[in-house]
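Biologist: I am new to this structure and would like to go through it with you, one question at a time. Could you show it to me before we begin?

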Amino acid sequence: MKTVLDTLVTDRTQEDVDRAARMNEKGWARMTRAEQAEYLGGPKGAYTRHDLNRAAAAMAYLEFLMNRAGVSSAFRPVQIRHATINGTWTDTTWIDEDKPRPAQWAAHLANVEQYWDYVCRITAAVPPRYDSDKSGYIAADRIVTAGDVCAVKECCGLLELTADIACDPEAVSVSGTAWVVKRTETGYWAAYKYLEGPFPDVGDALKALSLSCGRRDDVTDLTISFTASLRRGAPAELGRCAVRWSPFVNWGEFEGLYGTWDGAGGLTWDGAQRGAADNG
């Protein structure tokens with residue numbers, strides 16, 4: 001079912017604005033009938049009483065939905081005092097004769113902005129360390145995605161996700177579908193433009209950014225910090241997580257990699273555990 005929200009103009013372009021300006025310059029008398037009809041209906045490139053009423057109706061509808069959900073807001077309908085040849089009266093609908101005053105514009109914008117505040121937010125869970133095996137390390141051949149270490153819980157008004165990755169770029173590789181990845185002196189920088197990207201789900205976008213370790217003989221450390229840019233307000237810091245790759249993550253793997261106790265005459269770890277060192 002369509003609502004007033006479906007009537008909002010969300011694709012106004014500079015070309016539309018230029019057309020409305022040309023119509024104003026042309027004047028009513030010189031307009032064609034089609035242009036006059038367009039002008040009376042509210043040119044797409046202008047912000048007229050039609051737009052004011054449409055936006056006010058949309059905000060009133062949002063207020064209704066929020067109240068039904070038990071959420072309050074600061075929405076206050078703008079009161080308009082009309083003065084025409086038919087007399088004066090006050091209501092909340094703009095008509096042809098009305099000229100918005102600065103205070104009315106301010107009230108209208110305050111209503112719009114408070115809804116922006118409601119729909120521009122993001123929260124995420126980022127653990128201090130990615131430790132899926134509870135050992136403090138992950139296997140050196142394991143690929144980690146940004147989605148493994150950053151779980152977005154709610155997201156509205158997202159424009160861009162960025163990841164600052166501090167690591168040895170000679171030992172770590174970073175790549176991602178639809179992500180712009182740049183190598184820096186201290187690691188990598190990666191960005192995903194949400195509105196232009198192929199992933200409607202933010203979690204899928206994060207899973208598309210992969211981090212892999214190219215070193216197999218030593219521990220490799222990485223720290224990744226996430227930031228989100230929203231339609232309004234300062235960028236939101238989502239959190240920072242440490243990743244540590246290791247050629248071994250448990251004692252069995254350590255024994256497999258280093259078969260003997262170095263400096264003990266070829267003594268195996270199993271022999272050392274049985275006390276062979278004391279008997280030899």
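Biologist: Which residue in β13 is the bridge partner of A139?

Modeller: Please keep in mind that this is a predicted model. β4 and β13 pair in the parallel sense, over 2 bridges, and β13 is the strand that covers residues 236-246. Within β13, the residue that forms a bridge with A139 is S246.

Biologist: Is S246 buried or exposed?

Modeller: S246 belongs to strand β13, and apart from its neighbours within four places in sequence it is in contact with Y137, I138, A139, A140 and V219. The relative accessible area of S246 is 2%, and a residue under 20% is counted as buried. S246 is therefore buried.

Biologist: What is the order of the strands in the open sheet of 6 strands?

Modeller: The pairing in this open sheet is mixed. At its edges stand β4 (138-139) and β9 (180-184), each with a single partner strand, so one side of each has no neighbour in the sheet. Read from one edge to the other, the order is β4-β13-β12-β7-β10-β9.

Biologist: Is T162 buried or exposed?

Modeller: T162 sits in strand β7, which spans residues 158-167. Leaving aside neighbours within four places in sequence, T162 is in contact with W189, A190, A191, S225, F226 and T227. Its relative accessibility is 13%, and because the limit for a buried residue is under 20%, T162 counts as buried.

Biologist: How far apart in space are T162 and I224, C-alpha to C-alpha?

Modeller: Along the sequence, T162 and I224 are separated by 62 residues. In space, the distance between their C-alpha atoms is 10.0 Å.

Biologist: Which residue in β11 is the bridge partner of V144?

Modeller: Here we turn to an open sheet of 3 strands with antiparallel pairing, in the order β5-β11-β8. Its edge strands are β5 (144-145) and β8 (172-176), each of which pairs on one side only. β5 and strand β11 (residues 209-213) are joined in the antiparallel sense over 2 bridges, and in β11 the bridge partner of V144 is L211.

Biologist: Which residue has a positive phi of about 70° although it is not a glycine?

Modeller: The residue lies in the loop between β8 and β9. With a relative accessible area of 40%, it is partly exposed. The residue with this positive phi is A178.

Biologist: Are α1 and α2 roughly parallel or roughly perpendicular to each other?

Modeller: The axes of helix α1 (residues 14-26) and α2 come within 11 Å and cross at roughly 110°. An angle of 65 to 115 degrees falls in the perpendicular class, which makes α1 and α2 roughly perpendicular. Where they meet, R19, M23, N24 and K26 in α1 face E35, E38 and Y39 in α2, and the crossing is left-handed. The description asked for is thus roughly perpendicular.

Biologist: What is the handedness of the crossing of α3 and α4?

Modeller: These two helices pack at an angle of about 45°, with their axes 11 Å apart, and they are therefore oblique to each other. On the side of α3 the residues that meet α4 are L52, A55, M59, L62, E63 and M66, and their counterparts in α4 are W105, H108, N111, V112, Y115 and Y118. The crossing of α3 and α4 is left-handed.

Biologist: Why is the pair of Y47 and W105 called tilted?

Modeller: The count of aromatic pairs comes to 6, and in this one the ring centres of Y47 and W105 are 6.2 Å apart. The pair links distant parts of the chain, since Y47 is in the loop between α2 (33-41) and α3 (49-68) while W105 is in helix α4 (residues 102-119), 58 residues apart. Y47 is partly exposed at 40%, and W105 is also partly exposed, at 32%. The planes of the two rings stand at 40°, so the pair is tilted.

Biologist: Which residues do ring pairs link into a cluster?

Modeller: A pair of aromatic rings is described by the distance of the centres and the angle of the planes. Linked into a cluster by such ring pairs are W179, Y192 and F199.

Technical notes. Residues numbered from 1 in each chain as written. Predicted model: local features only at pLDDT ≥ 70, side-chain atom pairs only at ≥ 80, totals over all residues. Heavy atoms only, no water. Helix = DSSP H or I, 4+ residues; strand = E, 2+ residues; numbered from the N terminus. Buried < 20%, exposed > 50% of the residue type's maximum accessible area, 1.4 Å probe, protein only. Contact = heavy atoms within 4.5 Å. Pairing = 2+ DSSP bridges. Phe/Tyr/Trp six-rings, centres within 6.5 Å; stacked < 30°, edge-to-face > 60°. Axes fitted to C-alpha atoms, helices over the stretch in contact; angles between N-to-C directions. Parallel < 35°, antiparallel > 145°, perpendicular 65-115°, else oblique. Left-handed = near helix turned anticlockwise from the far one by under 90°.
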